[in-house]
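Colleague: I have just opened this one and would like a guided tour. Could you take me through it?

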Amino acid sequence: MTVKDCDHHHHHDCERRRLYRRIACVIFTVVLLIGLVIFLIWAILRPSKPRLILQDVTLLGLNVSSVPPAAISTTMQITISSHNPNNRIGVYYQVMDVYAAYRGQQVTLPTLLPPTYQGHNDVTVWSPFLYGEAVPVAPEFAEALNEDNNVGAMLFNIKVNGQVRWKVGSWISGRYRLNANCPAYIKFGDPKNGIAFGPAMKFQFVQGCYVDI
């Protein structure tokens, strides 16, 4: 259809089509600009990963069997804090599991942490219980376990595995995997190393965890 035909026969239809094309171009341009702005903000801000700190471990029960098959039974309550160091970026913590490991081997069941949103520079504190009943230890670690038990000191690693999302304004990123490792060297052989609460012993650490995202 020529311009002349439009002017004489279908003037209103042609004008409507032009208007729709202009509106579509404007919407596309606005969406593109918003995406570009969000990308630039994301690139400039570059979120820093959360800083996790193991505050303390309360040992409620520990039983070590070095007789084959070697096994560990333990009940503990831990306190972990997480600090969001970003000034303009929030953090969503999703599907976060925490458990204790001995020499790289998981010795408690995973405990699920509640989903949490953390604002700018906020601090979140979790105090989950960890349980493990007669968890077998690999045979190659049986001798080391016996030695640790005789010395009265064991190195546990508190592991936190989960997913996080970043929030910039109203935009929320995709999911990123978070893995944290918090060493906890517990000297249960000497009562002076902990704070007694009846049969329980509380060990204070306040040390940083290794965080990988």
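Modeller: We can go from the overall make-up to a few chosen residues, keeping in mind that this is a predicted model.

Colleague: Fine, so how many helices and strands are there in the protein?

Modeller: The protein has three helices and 14 strands, and of its 213 residues, 38% count as buried. Its exposed area comes to about 12,600 Å², with carbon and sulfur atoms supplying 58% of that.

Colleague: And what about contacts in the protein between residues at least 6 apart in sequence?

Modeller: Among those contacts, 72% join residues that are at least 24 apart.

Colleague: Let me pick helix 3, then; which of its residues are buried?

Modeller: Helix 3 covers residues 142-151, and Ala142, Ala144, Leu145 and Asp148 are buried there. Looking down the axis of helix 3, these buried residues fall within an arc of 160°, so they line one face of the helix. On the other side of helix 3 you will find Glu143, Asn150 and Val151, which are exposed.

Colleague: What covers the buried residues of helix 3?

Modeller: The cover includes strand 1, strand 2 (71-83), strand 3 (90-102) and strand 9 (154-168). Just after helix 3 comes Gly152, whose phi is positive, near 85°.

Colleague: Back to Asp148: with which residue does it form a salt bridge?

Modeller: Asp148 forms a salt bridge with Arg103, and the closest N and O atoms are 3.5 Å apart. Asp148 lies in helix 3, while Arg103 is in the loop between strand 3 and strand 4 (105-106), so the pair ties together parts that are 45 residues apart in sequence. As for their surroundings, Asp148 is buried, because its relative accessible area is 16%, whereas Arg103 counts as partly exposed at 41%.

Colleague: How many salt bridges does the structure hold?

Modeller: The structure holds two salt bridges. Besides the pair just described, Lys202 forms a salt bridge with Asp56, with the closest N and O atoms 4.0 Å apart. Lys202 lies in strand 13 (residues 200-208) and Asp56 in strand 1, so this pair ties together parts that are 146 residues apart in sequence.

Colleague: Is Asp56 buried or exposed?

Modeller: Asp56 is buried, with a relative accessible area of 10%, while Lys202 is partly exposed at 23%. Leaving aside neighbours within four places in sequence, Asp56 is in contact with several residues, including Gln77, Ile78, Thr79 and Lys202.

Colleague: Gln55 sits beside Asp56 in the numbering, so I am curious: what does Gln55 touch?

Modeller: Gln55 lies in strand 1, which spans residues 51-65, and counts as partly exposed at 23% relative accessibility. Not counting residues up to four places away in sequence, Gln55 touches Thr79, Ser81, Phe203, Gln204, Phe205 and Val206. With Ser81 there is also a polar contact, made between the two side chains at 2.9 Å. Gln55 and Ala184, which are 129 residues apart in sequence, are 9.9 Å apart in space from C-alpha to C-alpha.

Colleague: Switching to the outside, which residues form a nonpolar patch on the surface?

Modeller: That patch is formed by Leu19, Tyr20, Ile23, Ile27 and Val31, and together they have about 490 Å² of accessible area. Leu19, one of these patch residues, is placed in helix 2, which covers residues 11-45. At 43% relative accessibility, Leu19 counts as partly exposed.

Methods. Residues numbered from 1 in each chain as written. Predicted model: local features only at pLDDT ≥ 70, side-chain atom pairs only at ≥ 80, totals over all residues. Heavy atoms only, no water. Helix = DSSP H or I, 4+ residues; strand = E, 2+ residues; numbered from the N terminus. Buried < 20%, exposed > 50% of the residue type's maximum accessible area, 1.4 Å probe, protein only. Contact = heavy atoms within 4.5 Å. Polar contact = N/O pair within 3.5 Å; in protein donor to acceptor, adjacent residues only side chain to side chain. Patch = residues over 30% accessible without salt bridge, like charges linked within 9 Å, V, L, I, M, F, W, Y side chains within 5 Å. Areas by Shrake-Rupley, 256 points an atom, 1.4 Å probe, with all protein chains shown as cover. Salt bridge = Lys/Arg side-chain N within 4 Å of Asp/Glu carboxyl O. Arc of directions from axis to C-beta.
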